[in-house]
Amino acid sequence: MQVTPLVQSDHVSVADYRCSAGPSDRPFAETHRRFSLAYVRGGSFGAHMRGRLHELVAGSVLVGYPGDEYVCSHEHHGHGDECLSFQFSDELIEAIGGPASAKERAQAWRSGSVAPVPELMVMGEMGHAVASGRSDVGLDEIGLLFAARFVELVSGRSERAAAAPQARDRRRAVEAALWIDANAHEPIDLESAADKAGLSPFHFLRLFSAALGVTPHQYLVRCRLRRAARLLAEGAQPITDIALDVGFADLSNFVRTFHRAAGVSPRGFRAAANGDRNIFQECLATSV
C-alpha cells in the first residue's frame, strides 16, 4: 500500500492511497482512526465490516467510523485500487451535520459504504483534480463539501433487508461494473451488459443492483459523469466535445444531468475547479 499525505491538519486530513493487491494476496485488516470518506478513483476492492461485505468500484465511497475494523480483499480484480481519502475530526463532523440529528449522523457514518452517486462523484473528481495540481481550490475545502453532501444524502436513510449475493454473483457484478466503466463512452444498454456477463437481462439487473447498490444504467450514467467532471476540471476542452466523448448522446441531456448531480452547470463546475470562489461558495452554501 502506497500512501501519500496531501493535507494534514487538526480537522481535515487528505491522503492518496494506491493499493496493488490482487486475488492472490491475503486480505488484511485495518482500523478507521477518524471519521473518513475514501473516494474510489479506480479499481475495486471488498471491505468486510460488521458482518457485511461491501463491494466498492470506481465512484464508490468507503465510509469510516472511528474504531471500526474492516478487512480489505481484492478477490475480483487483479490490479488493486486507488482512493482519495478524506479524514475528519469529531468536532468538524458535528459542525457540518446540518439538519440531521445526532442519531442520523451516527447512522450515516456507520453505513460502511455508499454506492456510486453523482452528487459525491463530481466532488470526488474535483478533489482528484486538486490533488493532481490542476486546480487551486483547497483540498480541505473539497473535504468540507464532500462531507456535507455525504451527510445530506445518507442521513436518515433506512437500509432495506436483502439476501446477500453469492460470491459468484458478486464477482460477475464487479466484473460487469469494470467493463461498463472501461466502455462507458460507447453505447451500452441492459441487454448488451447482461450478455457480456452471460446472464439474462432480468437476472443481471437483480444481481448487479444487489451487489453494488445501483442499477447498471445508473452506474453507466455515473461513470460518464465522473469522466466529464474530470475533463472539466483538467482543461479547456469544449463542453460539447466532453459530452460526446464521455458517451452522452446530446449536449442538452449532458447539461441537465450534470447540473442535477453537481448543483451547478458544467461551465460553472469548470469555473469552480479553476478557483472561482463565488461559484464554489454558492455550491457549498446549498449543501450545508
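## A tour from strand S8 outward

Select Arg 18 and you will find Glu 82 of S8 standing opposite. Keep in mind that this is a predicted model.

**Stop 1: strand S8.** Keep Glu 82 on screen. Now add Gly 42, which also stands opposite Glu 82 in S8. Next, show the whole of S8, residues 81-88. Colour S2, residues 12-19, as well. S2 and S8 run antiparallel, and eight bridges join them. Then colour S4, residues 35-49. S4 and S8 are antiparallel too, paired over eight bridges.

Is S8 enclosed or open? Six of its eight residues are buried, so S8 is largely enclosed by the rest of the structure. Buried here means under 20% relative accessible area.

While the strands are on screen, recall a general point. Side chains in a regular strand alternate between the two faces of the sheet.

**Stop 2: the second largest pocket.** Select Tyr 17, Glu 30, Leu 62, Tyr 70 and Ser 85. Among the 20 lining residues of the second largest pocket, these are the closest to its centre. The volume of this pocket is about 360 Å³.

Which strands give two or more residues to the lining? They are S2, S3 (28-31), S4, S7 (69-73) and S8. S8 gives the most, with four residues. Colour the lining by class: you should find 10 nonpolar, six polar and four charged residues.

**Stop 3: the largest cavity.** A general idea helps here. A probe the size of a water molecule, rolled over the atoms, shows where empty space is left. This model has three cavities of 30 Å³ or more. The largest cavity holds about 50 Å³ of space.

Select Phe 45, Gly 46, Glu 55, Ser 73 and His 76. Of the 11 residues lining the largest cavity, these lie nearest its centre. Two elements, S4 and S5 (52-57), each give two or more residues to that lining. S4 has the largest share, with three residues. By class, the lining of the largest cavity has three nonpolar, six polar and two charged residues.

**Stop 4: Lys 196.** Move to helix H6, residues 190-197, and pick out Lys 196. Is Lys 196 buried or exposed? Its relative accessibility is 55%, so Lys 196 counts as exposed. The cut-off for exposed is over 50%.

Finish with a distance. Select Lys 196 and Asp 250, and draw a line from C-alpha to C-alpha. The two residues are 54 apart in sequence and 26 Å apart in space.

Conventions. Residues numbered from 1 in each chain as written. Predicted model: local features only at pLDDT ≥ 70, side-chain atom pairs only at ≥ 80, totals over all residues. Heavy atoms only, no water. 1 Å grid on protein atoms, 1.4 Å probe; cavity = no way out; pocket = protein on both sides within 12 Å on 5 of 7 lines; lining within 4 Å. Points joined across faces, edges and corners; volume = space filled by probe spheres on them. Nonpolar A, V, L, I, M, F, W, Y, C, P; charged D, E, K, R; others polar. Buried < 20%, exposed > 50% of the residue type's maximum accessible area, 1.4 Å probe, protein only. Pairing = 2+ DSSP bridges.
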